[in-house]
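Here is a short briefing on a protein and the DNA beside it. Look at the structure, then read on.

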Number of protein chains: 2
Amino acid sequence: MSDLLERLRGRGWRMTAQRRVVAEVLDGDHVHLTADEVHARAVSKLPEISRATVYNTLGEMVTLGEVIEVATDGRAKRYDPNAHRPHQHLVCGRCGAIRDVHPAGDPLADLPDTERFGFTISNVEVTYRGVCPSCATTA
Amino acid sequence: MSDLLERLRGRGWRMTAQRRVVAEVLDGDHVHLTADEVHARAVSKLPEISRATVYNTLGEMVTLGEVIEVATDGRAKRYDPNAHRPHQHLVCGRCGAIRDVHPAGDPLADLPDTERFGFTISNVEVTYRGVCPSCATTA
DNA sequence: ATCCTACAATAGACAAAGTCCAAATCAAGC
DNA sequence: GCTTGATTTGGACTTTGTCTATTGTAGGAT
């Protein structure tokens, strides 16, 4: 289960109770928590953990490339532990629900050289926006 | 030149000095200012304009569909006046520069039904990330 | 041209999300 | 079990954005 924790340990990451709890809370599929949500859940397992530590830890996991930061709504950033399976996101504009999706095709190939302005492109983020089934029925 | 202003006027938008200034500041190609940047520029044309008014005005322009809100970095939202020419964004991870780009193909068509989870999808946002030429030379 | 009135602008308090720092604590190698 | 450098902590601070009560004004009516 806890792949994330294993990966981090395997990189010689110094292990502390706080880091373990953050990794446990964040691990899983279709998980896209904000820093505050991570903190709230972490507190229930380790009451004295501070907000600063949660922010630090999430930032380190992002730097290590084990977690991806997604900005789906211009509010709080969300953290996606599924960094090793390339995927995109499908977001409900009403309730904010997020699903991981796997489109066919390669969006990078769709961008002609003339449209690259000399940039060295390293990745592409695709966000599909719409309304989820349960919001759709609630008019 | 000021297409944005024209479009707004044409919709019966009540015109005030403040709204005119915001529209003028925001108009153009490859423009992606934050609300505070818009405010700063607006102040230089109309010193007594307030931050709240800039936020209100930008929000209204978004609601009217004349301006698009883009969240490229999880920090401040940026405002893109180019709402009537469908396009995507190319972002430099170092300096934050943003260019409008026009990829070939339709990313929506790339998402199979089985990956739509019953959502009604209304639009797709593609963000290419990389390093711009001038940041690349500055090692 | 002037008057009305609903809509718009303002200042400033407030809130949410995140960063920074100096001091205290602790994991892990010896 | 020490030592030490990495980690955690709490709280102040910053940035970004929202809300509200009050004042101002655009534009139609007269």
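A backbone N or O atom of B:Glu48 lies 2.9 Å from a phosphate oxygen of DNA strand C. Such a polar contact is a pair of N or O atoms within 3.5 Å; within protein, one must be able to donate a hydrogen and the other to accept it, and residues adjacent in sequence count only if both atoms are side-chain atoms. This is a predicted model: local features need pLDDT of at least 70, side-chain atom pairs count only at pLDDT 80 or more, and totals for chains, interfaces and linings use all residues. Residues are numbered from 1 along each chain as its sequence is written, chains are lettered from A and ligands numbered from 1 in the order in which they are written, and side-chain values use heavy atoms, without hydrogens and water.

**Contacts with DNA strand C**
- A polar side-chain atom of B:Arg14 is 3.0 Å from a sugar or linking oxygen of the strand.
- A:Met15 uses a polar backbone atom, 3.1 Å from a sugar or linking oxygen.

**The surface near DNA strand C**
- DNA strand C is surrounded by 19 residues (near means a heavy atom within 4 Å).
- The closest are A:Lys77, B:Thr16, B:Gln18, B:Glu48 and B:Thr53.
- Of the strand's atoms within 4 Å of the protein, 68% belong to sugar or phosphate, and the rest to bases.

**How the two chains relate**
- A turn of 179° and a shift of 0.1 Å along the axis lay chain B on chain A, with an RMSD of 0.2 Å (least squares on C-alpha atoms of residues with pLDDT of at least 70 in both).
- That is the relation of a two-fold axis.
- B:Val126 comes closest to this axis among chain B residues, at 2.2 Å (C-alpha).
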